[in-house]
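Open the structure in your viewer and keep the sequence panel visible. This tour goes from one selection to the next and says what is there.

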Amino acid sequence: SERLDRLGIPYSDNLHIWGGWNNPPSAGPGFPAVVDFARERRGLLVYDSLIQFHNGSEQDSSETRRYLALYRHLANLGAAVLLLHHTGKAENTKQYRGSSDIKAAVDQALCLELIGEGQGNTRTLRLTAFKTRIAHLEPLRIEWSEQGFRLSQNRIRTNREIVEGIIADRPGMTGTEIGLLANAAGVPKN
């Protein structure tokens with residue numbers, strides 16, 4: 001309830017939250033009631049989070065691919081599936097952690113990150129697509145406050161624009177120096 005209120009999402013008969021407090025508790029993507037919902041209602045299913053429902057190791061590509069096939073089945077039945085997952089702490093896990101099959105199995109993968117905090121409870125977020133099968137998406141800058149979300153008018157520079165700007169401002173730098181400055185500006189190592 002607190003999150004719905006904070007995000008400004010109104011209560012509706014069309015919104016069903018199936019949490020751990022329900023009996024039976026929330027179930028994974030292969031649960032018959034979830035499959036029936038996907039087939040009959042073709043609604044939006046939000047899973048928070050992958051690790052909560054994945055019985056195997058998120059590092060094991062075979063286990064992860066079999067598990068993610070359950071979500072693909074729900075999508076094939078007509079449901080829209082939003083699967084939340086966490087990033088890691090290591091440099092090569094800034095987009096997501098676990099098997100590369102996580103990225104391979106999805107149609108679209110987005111990374112939402114906090115990039116700043118303002119006065120009061122204001123937060124600035126960056127939403128970046130790091131995989132899409134549909135269309136190229138520019139990074140979005142989103143402002144959140146007690147009044148809700150709004151798309152910022154301040155455009156986020158792409159990684160390429162950041163690197164080009166570093167090179168233009170400091171010609172003659174080594175690749176290592178460029179990499180360090182780009183990384184400090186939020187550009188991933190790869």
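Start with glutamine 108, whose bridge partner in S4 is threonine 132. The model you are looking at is predicted.

**The paired strands**

Now select S3 and S4 as a whole. These two strands run antiparallel and are joined by 9 bridges. Together S3 and S4 form a hairpin, with 5 residues between them. In that turn, pick out glycine 120, which has a positive phi of about 65°.

Next add strand S5, residues 140-145. S4 pairs with S5 in the antiparallel sense, over 5 bridges. To see one facing pair, select leucine 127 and leucine 140: leucine 127 stands opposite leucine 140 in S5.

**Threonine 124**

Stay on strand S4, which covers residues 123-132, and select threonine 124. Is threonine 124 buried or exposed? Its relative accessibility is 10%, so threonine 124 counts as buried, the cut-off for buried being under 20%. Show the side chain of glutamate 143 as well: a polar contact of 2.9 Å joins it to the side chain of threonine 124. Leaving aside neighbours within four places in sequence, threonine 124 is also in contact with other residues, including Glu113, Leu114, Arg141 and Ile142.

**The nonpolar cores**

Select Ala38, Leu45, Tyr47, Tyr67, Leu68, Tyr71 and Leu74. These have the most contacts inside the largest nonpolar core, which has 19 residues. Among the elements that give two or more residues to this core are helix H2 (32-41), strand S1 (44-48), helix H4 (61-76) and strand S3 (108-117). Which element gives the largest share of this core? It is H4, with 4 residues.

Centre the view on leucine 45. Not counting residues up to four places away in sequence, leucine 45 touches Val34, Phe37, Ala38, Leu74, Ala79, Ala80, Val81 and Leu82. Apart from the largest core lies another, of 6 residues; select Ile166, Ile178, Ala182 and Val187, which are among them.

**Salt bridges**

Side chains of opposite charge can pair when their charged atoms come close. How many salt bridges does a search of the whole structure find? It finds 9.

Begin with arginine 39 and aspartate 36, whose closest N and O atoms are 3.3 Å apart in a salt bridge. Both residues lie in helix H2, 3 residues apart, which is about one turn of the helix. Arginine 39 counts as partly exposed at 42% relative accessibility, and aspartate 36 counts as partly exposed at 35%.

Move to glutamate 58 and arginine 97, whose side chains meet in a salt bridge of 2.6 Å, N to O. Glutamate 58 is in the loop between H3 and H4, and arginine 97 is in the loop between strand S2 (80-84) and H5, so the pair ties together parts that are 39 residues apart in sequence. Glutamate 58 counts as buried at 9% relative accessibility, while arginine 97 is partly exposed, with a relative accessible area of 25%.

Then select helix H6, residues 159-169, which holds both arginine 160 and glutamate 164, 4 residues apart. These two form a salt bridge, with the closest N and O atoms 2.9 Å apart. Arginine 160 is exposed, with a relative accessible area of 63%, whereas glutamate 164 counts as partly exposed at 41% relative accessibility.

For the last stop, select Arg72, Asp107 and Arg133, which are linked in a network of salt bridges.

Conventions
Residues are numbered from 1 along each chain as its sequence is written. This is a predicted model: local features need pLDDT of at least 70, side-chain atom pairs count only at pLDDT 80 or more; totals for chains, interfaces and linings use all residues. Side-chain values use heavy atoms; hydrogens and water are left out. Buried means under 20% relative accessible area, exposed over 50%, partly exposed in between (1.4 Å probe, protein chains only). A polar contact is a pair of N or O atoms within 3.5 Å; within protein, one must be able to donate a hydrogen and the other to accept it, and residues adjacent in sequence count only if both atoms are side-chain atoms. Contact means heavy atoms within 4.5 Å. A nonpolar core is a set of buried Ala, Val, Leu, Ile, Met, Phe, Trp, Tyr and Cys residues joined through side-chain atoms within 4.5 Å. Two strands pair if DSSP finds at least two bridges between them. A salt bridge is a side-chain nitrogen of Lys or Arg within 4 Å of a carboxyl oxygen of Asp or Glu.
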